[in-house]
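Q: Could you take a close look at the place where two of the domains meet, and set it within the chain as a whole?

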Amino acid sequence: AEDGYRMWLRYDTIADNTLKQQYRAQLQQLVATDQSPTLAAARAELTRGLNGLLGQSIKPSKAAQGAGNLIIGTPDSSANIAALKLGDRLNAVGPEGFIITRAKVAGQRATVIAANSDAGVLYGAFHLLRLMQTQSDIAHIDVQSAPSVQHRVVNHWDNLNRIVERGYAGLSLWEWGNLPEYQNNPRYIDYARINASLGINGTVINNVNADARILSDAFLAKAAALAEVFRPYGIKLYLSVKFNSPMLLDDFDTADPLDPKVQKWWRERVKKVYQYIPDFGGFLVKANSEGQPGPQDFGRNHADGANMLADALAPYNGLVFWRAFVYAPEQGDRFREAYDEFKPLDGKFRDNVIVQIKNGPIDFQPREPFSPLFGALQKTNIALEVQVSQEYFGFSNHLAYQGPLFEEALDADTYAQGAGSTIGKILAGNVFDYKHTGMAAVINPGTDRNWTGHTFVQSSWYAFGRLAWDVGLSSAAIADEWARMTFNNKDDVLAPVTDIMAISREAGVNYRMPLGLTHLYAQGHHYGPAPWHDTSGRPDWTAYYYHQADKDGIGYDRTKTGSHAIEQYYPHWATQFAKPETTPEALLLWFHHLPWSYKMDSGRSLWQELVHKYDTGVNQVREMQTQWQELKGKIDPERFSQVEAQLKVQLRDAIYWRDACVSYFASVSGLALPKGSSAPA
Ligand code: GCW
């Protein structure tokens, strides 16, 4: 059971003897102080990690002496580090970065982890452990690292009754019933360690479909207890709030953001929040979306709403993450909605507001073009929101490493300031001059023994954190790191694991919605397919709305003959997306309604290509199964057999997806199944 629980922080003793001896000689004693809870956490993690990895205890020491010192700290907390005069290099890594280097201390070469803040020391400690877990050479180590993005936040969609919205791994981790009394739940600490190991510095602990009671004194006391556990790990606590809280908690007849009574209510509540949680991070708000209340209910706009909360939080340096995920059934094209509502408000938000934008214009689909709001909001702080929880990727049953999806989003070039204006660079602050930027991931760990239900969901959590720290990392390099830490460093383990990870996302696109099809999910649960034309529900919650398939063709026309949504992009993409020939095939049906006979690059017709992709997706799952079998006897039997079983479920579901979609599209197009396909006729 431990195997899944430890995630990537396993610290099993290094198998390679030579390397272990080298490490042992280099790291004999840990020179550290417990001057702050964060430094204590760093020391504790290094002790635990090194004891495990080296298979012997590292000696604690107050001062450097003899050979093999590992010295950690800030210039303030460590005289040794102050004496190294790392000034310029430390300036370069900013408030949260770190340096790991070799330097002469007390006449001997020592290994040094230095930072400007205690949190930086903690991140450096985790980084050194990661290098050792992945068996890197640290003999001449010289690393200088700082996060690309300021706010690296995880979002939980946990309800106060512990049911997790879109959660597939048990109940919420937060045991509200016994909080604040039972604070020392080891799981809270491990949760904090997992996040801190990636440099995640914020957590929003409750669902964006918020329960107003989270701001009641009773819940604030509980949240404060969690904040206290997370604090040493550099993690700030944030809360999702309901916009009409004054009405729900205090019988107000309005929540109009311009009403002085309402403003006063929020000022007083915020003051209360900071009495409970002095370093509280701020609010996350879903407003006027999917039935949630918001400023528009009172004739105001998103900026009016966000700014009112921002003003209440400003005296304490609190932030408002205001979500751009908005759409309504009466709109024309759901794709357009977020941009149409937010672009006109650019520059109208306070500087402690961050507009949080999902990677794509619709909703965490297996593949989306990037949201045109990136690059469009130039005078408004922004954050990117991605989803680790596999709401649209087969829940915790399917294997879908999403590193490639996150990388695709970060590498998407908006052309906002010419070529090279990628979302990653925008978030890193290299394109516009923002006061704050962020990256947020919806994660849904729960009480399952392995936290995430499927071991490989852990890999997407890992990838998110690593990319938020360094937007330039490649998903393949991250997969390699994760596989080494989560399983082991042997080539015959790494090869199959990373091969599987490399194809898993595209496999999931292929057997569900290839060539730019999107949202063919059954309504509500979002697990299986329902491509058929269902006229009973909200149109934008049915598949026909998205695929528009009929006997003549398939796809959503977003060009000038359709919804014009492509005009929301800068000219580079607006021009390319205007014509099917210049639209990447992977996004084709996002932008064009095309005849079934349309000729694809492969020479096949659109219809043949579509079926071919569905078949490919199923075959890729078979390939993943074959690769997984290679691991038999080479990793622990528990994780081996669980993933083996999950892959069987995945194959069953992939076949069902393909068969449902192909036979439905065959029925509307009237076309026969291409030769060689194994889908049912
Ligand atoms: O993806 C959709 C989900 C909802 C979710 C919403 C959102 C929390 O189906 O469950 O609500 O997005 O992001 O607000």
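A: Happy to. Two residues are in contact if their C-beta atoms, placed from the backbone, lie within 7 Å. By that rule, 73% of the protein chain's contacts with a separation of 6 or more join residues 24 or more positions apart.

A word on the source: this is a predicted model, where local features need pLDDT of at least 70 and side-chain atom pairs count only at pLDDT 80 or more, while totals for chains, interfaces and linings use all residues. Residues are numbered from 1 along each chain as its sequence is written.

The domain assignment (bounds from an automatic or database assignment) gives domain 1 (2-145), domain 2 (151-473) and domain 3 (509-556 + 593-669). Your meeting place is between domain 1 and domain 2, whose centres, taken over C-alpha atoms, are 32 Å apart. Here 14 residues of domain 1 are in contact with 15 residues of domain 2. On the domain 1 side, α1 (2-5), α3 (37-54) and α6 (118-133) each supply at least two residues, and α3 gives the most, with five. Helices here are DSSP runs of H or I with at least four residues, strands are E runs with at least two, and both are numbered from the N terminus. That side of domain 1 has 11 nonpolar residues (Ala, Val, Leu, Ile, Met, Phe, Trp, Tyr, Cys or Pro), one charged (Asp, Glu, Lys or Arg) and two polar (the others, Gly among them).

Stepping back, the protein chain has 22 helices and 16 strands, and its C-alpha atoms fill a box of roughly 80 × 65 × 50 Å along the principal axes.
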